[in-house]
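Welcome! Here are some exercises to work through with the structure open beside you. Try each task on your own before reading its solution.

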Amino acid sequence: MTYIGGSGRFRGARGGLDTRAGRGQAGSMATINELAPPYRVGYFVGSLSATSINRSLATALLRLAPQDLVFTEIRIGGLPLYNRDFDGDFPPAAREFKAAIAAQEALLFVTPEYNRSLPGALKNAIDWASRPAGENVIARKATAVIGASPGPIGTAVAQQQLRSVLSFLQAPQMNAPEAYIQLRPGLIAEDGTVTDERTEDFLRGFMGSFFEFIERVLTVVPKPRP
Ligand code: FNR
């Protein structure tokens, strides 16, 4: 399913720079966007639970995101367990999964913490995405990680481990802001509305920062002439 980000706060807010390819002024510092917005963002929910608090968080993030981000959920629940014996001929579910990732400019991971690590279902999905050798579709995607738990650690340990995996897979990562969400009952309504104003502002800022990060990753700044 595809969603358009809701707030529109960052639409067109690029400081007057002409960011379209080929439009830079000769002799001046110009930026060239390989791709103009809107940007396609695939998102993963690391929980398979029908009552997942991380799915609620993802719904809230989509509502609060800049309009120039277009979201597609990339589901991980239908994948078989990764086995390198399939590297020569991936099953259809894994081929579709990889094609869905390849079609995105950026990836957002919204994940719980399981036993101080990332959930096995998410790690399994990433393993499919990374293989066969030389066909890692996560490489060079702009990525961000966020997660929610009922406890105060707010998935911090899982996120560190996920960051380590994304590093190995050569995905540029948004380093800051970090977001470790302690999600108490009622904080996010069923429709994704955030009931606490400070949390809402924080999550909106997180998605605004992600938009800016994606734009930086996709923007080429040429070297000044000698
Ligand atoms: C958990 N939970 C948990 N919470 C946490 O903060 N750190 C942890 O290491 C773990 N470990 C863990 C392992 C397993 C197998 C389960 C099922 C749960 C609790 C977890 O944060 C809580 O169940 C969340 O609600 C899970 O997120 P979703 O599925 O609701 O999105």
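## Exercise 1: Two helices that meet

Task: In this predicted model, describe how helix H2 (residues 92–102) packs with helix H3 (residues 120–130).

Solution. Step one is the geometry: H2 and H3 pack at an angle of about 80 degrees, and their axes lie 9 Å apart. Angles of 65 to 115 degrees count as roughly perpendicular, so H2 is roughly perpendicular to H3. Step two is to find the residues that meet. From H2 come Ala 94, Phe 97, Lys 98 and Ile 101, and from H3 come Ala 125, Trp 128 and Ala 129. Step three is to sort them by class: the contact of H2 with H3 has 6 nonpolar residues, no polar ones and 1 charged.

## Exercise 2: The whole chain

Task: How many helices and strands does the protein have, and in what order do the elements run?

Solution. Begin with the count, which is 5 helices and 8 strands. Next, walk from the N terminus: the order is β-β-β-α-β-α-β-α-β-α-β-α-β. Now look at burial, where 38% of the 226 residues are buried. Last, take the contacts with a separation of 6 or more: 80% of them join residues 24 or more positions apart.

## Exercise 3: The core

Task: Which residues have the most contacts inside the largest nonpolar core?

Solution. The largest nonpolar core has 55 residues, and those with the most contacts inside it are Phe 44, Leu 57, Leu 61, Leu 108 and Val 110. Now follow Leu 108. Setting aside its neighbours within four places in sequence, Leu 108 is in contact with Val 41, Tyr 43, Ala 144 and Phe 210.

## Exercise 4: Tyr 39 and Ser 209

Task: Is Tyr 39 buried or exposed, and what does Tyr 39 touch?

Solution. Place Tyr 39 in strand E3 (residues 39–45). Then count: 22 other C-beta atoms lie within 10 Å of Tyr 39, so Tyr 39 is buried, the cut-off being 20 or more. Leaving out residues up to four places away in sequence, Tyr 39 touches Asp 68, Leu 69, Glu 105, Ala 106 and Ile 214. Of these, Glu 105 is 66 residues from Tyr 39 along the chain, yet their C-alpha atoms are separated by 6.2 Å.

Now repeat the steps for Ser 209, in helix H5 (residues 197–218). Ser 209 is partly exposed because it has 16 other C-beta atoms within 10 Å. Not counting residues up to four places away in sequence, Ser 209 touches Met 174 and Pro 177. Ser 209 and Pro 177 are 32 residues apart in sequence, and 7.5 Å apart from C-alpha to C-alpha.

## Exercise 5: Backbone details in loops

Task: Where are the cis peptide bonds from Pro 37 to Pro 38 and from Arg 131 to Pro 132?

Solution. For the bond from Pro 37 to Pro 38, omega is near 10 degrees; Pro 38 sits in the loop between strand E2 (32–33) and E3. For the bond from Arg 131 to Pro 132, omega is near -5 degrees, and Pro 132 is in the loop between H3 and strand E6 (142–149).

## Exercise 6: Around the ligand

Task: How many residues surround the ligand, and how do they divide by class?

Solution. The ligand is surrounded by 14 residues, the closest being Ser 47, Ser 52, Asn 54, Pro 112 and Ser 149. Sorted by class, this shell has 5 nonpolar, 7 polar and 2 charged residues.

Methods: Residues numbered from 1 in each chain as written. Predicted model: local features only at pLDDT ≥ 70, side-chain atom pairs only at ≥ 80, totals over all residues. Axes fitted to C-alpha atoms, helices over the stretch in contact; angles between N-to-C directions. Helix = DSSP H or I, 4+ residues; strand = E, 2+ residues; numbered from the N terminus. Parallel < 35°, antiparallel > 145°, perpendicular 65-115°, else oblique. Contact = placed C-beta atoms within 7 Å. Nonpolar A, V, L, I, M, F, W, Y, C, P; charged D, E, K, R; others polar. Near = placed C-beta within 6 Å. Core = buried A, V, L, I, M, F, W, Y, C linked by C-beta atoms within 7 Å. Buried ≥ 20, exposed ≤ 12 C-beta atoms within 10 Å, placed from the backbone.
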